[in-house]
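Visitor: Please show me the model, and then let us go through some of its local features.

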Amino acid sequence: QAEIAINEADIVVFIVDGKEGLTANDLIIRDILRRSKKKVIVAINKMDAQAAEDNIYEFYELGFDTYIPISSIHNIGFVDLMDTVTNDFNEKEEKQDDRLRFSIIGRPNVGKSSLMNALLNEERVVVSDIAGTTRDSIDTVLTYDKNEYILIDTAGLRKKGKIFESVEKYSLLRSMRAIDRSDVCLLVINAEEGIIEHDKHIAGYALEAGKAIVIVVNKWDTIETDKDATMKKWKTDIKNNFQFMPYAKVCFLSAKTRKRISTLMPLVLESYENATKEIKTNILNDIIMEAFMETPPPSYKGKKLKIYFTHQSGTKPPRFDISVNSKGLIHFSYERYLENKIRQNIDFSGTPIILNFKNKGEE
Ligand code: GDP
């Protein structure tokens, strides 16, 4: 796990124990870090006692360039540490890049690599470039219908056979990193096996990260009898298992035979379009006020919720600030009701949306 984390990182903070001093284990870790060729900052922890100051020098033996004394318990040294960590960060080029970024995620053997290859070989897709945006990941720039998109490398897809490939825990760790860098996540599940807990974990993480998601039911070629009925059943299964994201679009295909592969990109694009939608304030207020009038919230301890004003404060995912008299009066089910009303009026399929309740006057 540490090795994967090192691999994914730009900078590694190596924490040593300033009270105990340099240990043999520190030297082992030092060797791993050296091999990784990553920038290393040594944080010397437990430096709360003045007496421990002398211990700093012995850590110089580690041979790294930067040492910051800290005390986690007493909250000492963090500003220094964070300044040092972020010092060399220049705004990543991906921040200014407005091309849609998507990734293929899912547990091992569901067919992610196969899907990536099938997609890159699709008739309308031209692979225009392969560029490394970070040192270790290889993202693919592809052209689809004259527009460029970036397929994020989920480390391991291109580097098949890497260590830990079959260990689900690590695949989740890698998926998380890919999800963070994506606008749209293609969650691949296996039609042969059905939905398992791990699929839901990954989906849950994508939701928490606010990412649009397309659920891809792969290996559709293995379904031999009555595909229509099976598809219907799958749709129900997906609705039940992914109740927390009823908005997700679902795609059935075979990466192996490439059947229905052309149905995938349109769903990715639609989901992205919805994630970047901006809704005019007057339209939003009409929707919310109408919903409010239709079903006013129940009062709580004799107090009644009032909604004053709604506006959109962001995209990817769409975020709505709703100013109210008292946030405490919002019940989860009423929030759900309002979200549904927004979705009934505006197509936000494929993307989560966030309702942010604020007390009047609150920033
Ligand atoms: P990954 O670990 O998620 O990248 O999965 P792979 O792409 O390596 O595929 C795992 C196995 O499933 C391989 O043996 C593939 O040939 C097989 N596979 C992938 N996609 C399909 C598909 O659409 N249909 C069938 N029948 N097998 C597939």
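The turns below cover ring pairs, surface charge and backbone geometry.

Visitor: What kind of model is this, and which pLDDT do local features need?
Guide: Residues are numbered from 1 along each chain as its sequence is written, and side-chain values use heavy atoms, with hydrogens and water left out. The model is predicted; totals for chains, interfaces and linings use all residues, side-chain atom pairs count only at pLDDT 80 or more, and local features need pLDDT of at least 70.

Visitor: How many aromatic pairs does the structure hold?
Guide: Rings of Phe, Tyr and Trp (its six-membered ring) pair if their centres lie within 6.5 Å; planes under 30 degrees apart count as stacked, over 60 as edge-to-face and the rest as tilted. The number of aromatic pairs in the structure is 7.

Visitor: What is the angle between the planes of Tyr60 and Tyr67?
Guide: Ring pairs link Tyr57, Tyr60 and Tyr67 into a cluster. The centres of Tyr60 and Tyr67 are 4.8 Å apart, and the pair is tilted, with the planes at 50°.

Visitor: Is Tyr67 buried or exposed?
Guide: Buried means under 20% relative accessible area, exposed over 50%, and partly exposed in between (1.4 Å probe, protein chains only). Tyr60 has 44% and is partly exposed. Tyr67 has a relative accessible area of 16%, so Tyr67 is buried.

Visitor: Why is the pair of Phe242 and Phe244 tilted?
Guide: Phe242 is buried at 1% relative accessibility, while Phe244 is partly exposed at 32%. The ring centres of Phe242 and Phe244 are 6.1 Å apart, and the pair is tilted because the planes are at 55°.

Visitor: Which residues gather in a patch of positive charge on the surface?
Guide: Patches are made of residues with over 30% relative accessible area and no salt bridge (a side-chain nitrogen of Lys or Arg within 4 Å of a carboxyl oxygen of Asp or Glu); like charges are joined within 9 Å. One of the members, Lys239, lies in helix H9 (residues 227–241) and is partly exposed at 49% relative accessibility. The patch consists of Lys227, Lys235, Lys239, Lys259 and Arg260.

Visitor: Which residue does a cis peptide bond join to Lys316?
Guide: The partner sits in the loop between strand S11 (307–314) and strand S12 (319–324); strands are DSSP runs of E, at least two residues, and helices are runs of H or I, at least four. Omega is about 0°, and the residue joined to Lys316 is Pro317.

Visitor: What is the phi of Lys37?
Guide: Lys37 is in the loop between helix H2 (24–36) and strand S2 (39–45), and is exposed at 68% relative accessibility. Although Lys37 is not a glycine, its phi is positive, at about 60°.

Notes. Patch = residues over 30% accessible without salt bridge, like charges linked within 9 Å, V, L, I, M, F, W, Y side chains within 5 Å. Areas by Shrake-Rupley, 256 points an atom, 1.4 Å probe, with all protein chains shown as cover. Lys, Arg positive; Asp, Glu negative; His and termini not counted. Charge placed at Lys NZ, Arg CZ, Asp CG, Glu CD.
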